[in-house]
Amino acid sequence: MLIPQTEPVEVRYYPCDGSVFLDTHYLIKGVAGSLFWKLAREHVRHQRCEFSTRELRLSGHELRLPAVQDNLSVRLLLLQRRLAERHAAMQIQRTGRGRFRIEVARPLLLHEVCGPASDVPATLPATFAAATVFALPG
C-alpha cells in the first residue's frame, strides 16, 4: 500500500504497561496497546499489511496475553473500534475468518520509550528522547 507524502504520525509505545500515544494523544494501553505496537512495527519493518489472529496468538508472550482465556478477538475488536473512533492514521479491517489487514494513511514514526507513560508531559517537545526509533524507508 502506498502512503502519500504527508507528515508522519509519531507513535510512542511504553512497554512497561503497553501504553500507546499517537503524536501527543493517548490511544490505548495493555494488551490492545501491545497488539497495536506489534502490527505497526511489522508494517514499518517489513511493509506488511495482512495478518492473522493465529500468528498473534503465537506471539502471546510478546503481546502479554494471559495463558488462559486470552480473549484476543475481543482485544483486537477493542483496538479496531478505538482506532476508528479516533480517526487514527492506522485502521484495522477484517478480511475473513481469523484474518485482517491494516490500512495506513500516513507514515508511522515508531518510538519505544523506557519508563512509565505517566512521565509523558502534556505536550511533548519536538526532540523527545526515545529508546528505539523505527521509520519507513525513504
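**A pocket, a helix and a three-stranded sheet**

The second largest pocket (an open set of points on a 1 Å grid where a 1.4 Å probe fits, with protein on both sides within 12 Å along at least five of seven lines) is lined, counting residues with an atom within 4 Å of a point, by Val9, Leu22, Asp23, His25, Tyr26, Leu27, Arg86, His87, Ala88, Ala89 and Arg106. The model is predicted, with local features needing pLDDT of at least 70 and side-chain atom pairs pLDDT 80 or more, whereas totals for chains, interfaces and linings use all residues. Residues are numbered from 1 along each chain, and side-chain values use heavy atoms, without hydrogens and water. Strand E3 (residues 25–28; strands are DSSP runs of E with at least two residues, helices runs of H or I with at least four) gives the most to this lining, with three residues.

Of the 16 residues of helix H1, 14 are buried (under 20% relative accessible area, 1.4 Å probe, protein chains only), so H1 is largely enclosed by the rest of the structure. Just after H1, Gln47 adopts a positive phi of about 55°.

An open antiparallel sheet is formed by three strands in the order E4-E6-E5, where pairing requires at least two DSSP bridges. Because strands E4 (50–52) and E5 (90–96) stand at the edges, each with a single partner strand, one side of each is left without a neighbour in the sheet. E4 is joined to strand E6 (residues 99–104) by three bridges, and Glu50 stands opposite Arg101 in E6.

How values were computed: Buried means under 20% relative accessible area, exposed over 50%, partly exposed in between (1.4 Å probe, protein chains only).
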